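These are my notebook entries on a few local features that I looked up, one after another. I kept each entry short and stayed with what could be read from the coordinates.

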Amino acid sequence: MRNALYMAIVFVTLIALSCADDQTQARADWELITPLTYRDTFVFDFDIQDTAQSYFLGMDVHFDYVEYPFQNIYFQVDTRYPDGETQKELLNLDFSDKKGVIKGECLGTTCELPLYLQRRIHFDQKGAYSIKLVQHTRRDSLPGIQSMSLVLGAEPFHRVNGASPDRPQ
């Protein structure tokens, strides 16, 4: 049974990767079989070679709105840069507004919440980057989170002479 589930996850991941559009530079997908806990760590490794390119970082969360007990979720985000420096920050993702209206698209009780975490990102260093996500909500065991994806994609514009299109030198 576990092998069949593993093969299904691999198959779904390969399908998702093959359907990615030309803007996708890197993608990581995680299927969750048990509740999300503090011990669960999600790592997204990617390589940057074009420092003139503008990028976006997106996240896609699938969850059961009946099982998931909160309006939002917090993640501790650790970003490791090619020079070894690490930056830590807390990320809050709202699944619904203050009135309880789900922000994503739902079919039955399963909802998909696509998010842009950052737009117009410019990487100053070429090399290997790593983003680590750890659940950081007030309860250790969170039911209802079914899967998550992180996507790094290319924006349709580049830096010119080191300046962003929206911030001229």
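I began with the handedness of the link between Cys 106 and Cys 111, and found it right-handed, with 100° about the S-S bond. The model is a predicted one, and in it the sulfur atoms of Cys 106 and Cys 111 lie 2.0 Å apart, which I recorded as a disulfide because the cut-off is 2.5 Å. My count by this rule came to one disulfide.

I then looked up how accessible the two cysteines are. Cys 106 has 38% relative accessibility and therefore counts as partly exposed, whereas Cys 111, at 1%, counts as buried.

Next I turned to Arg 120, which sits in strand β7, residues 110-121. I noted that its phi is near 50°, a positive value in a residue that is not glycine. The relative accessibility of Arg 120 is 39%, so I entered this residue as partly exposed.

My last entries concern strand β2, residues 41-48, where I checked which way the side chains point. In a regular strand, side chains alternate between the two faces of the sheet. Along β2 I found that Phe 42, Phe 44, Phe 46 and Ile 48 point to one face and are buried, while Thr 41, Val 43, Asp 45 and Asp 47 point to the other face and are not buried.

Which strand did I find paired with β2, and in what sense? The partner is β8, residues 127-135, and the two strands run antiparallel over eight bridges. Within this pairing I noted Thr 41 opposite Val 134 of β8.

Notes. Residues numbered from 1 in each chain as written. Predicted model: local features only at pLDDT ≥ 70, side-chain atom pairs only at ≥ 80, totals over all residues. Heavy atoms only, no water. Buried < 20%, exposed > 50% of the residue type's maximum accessible area, 1.4 Å probe, protein only. Helix = DSSP H or I, 4+ residues; strand = E, 2+ residues; numbered from the N terminus. Pairing = 2+ DSSP bridges.
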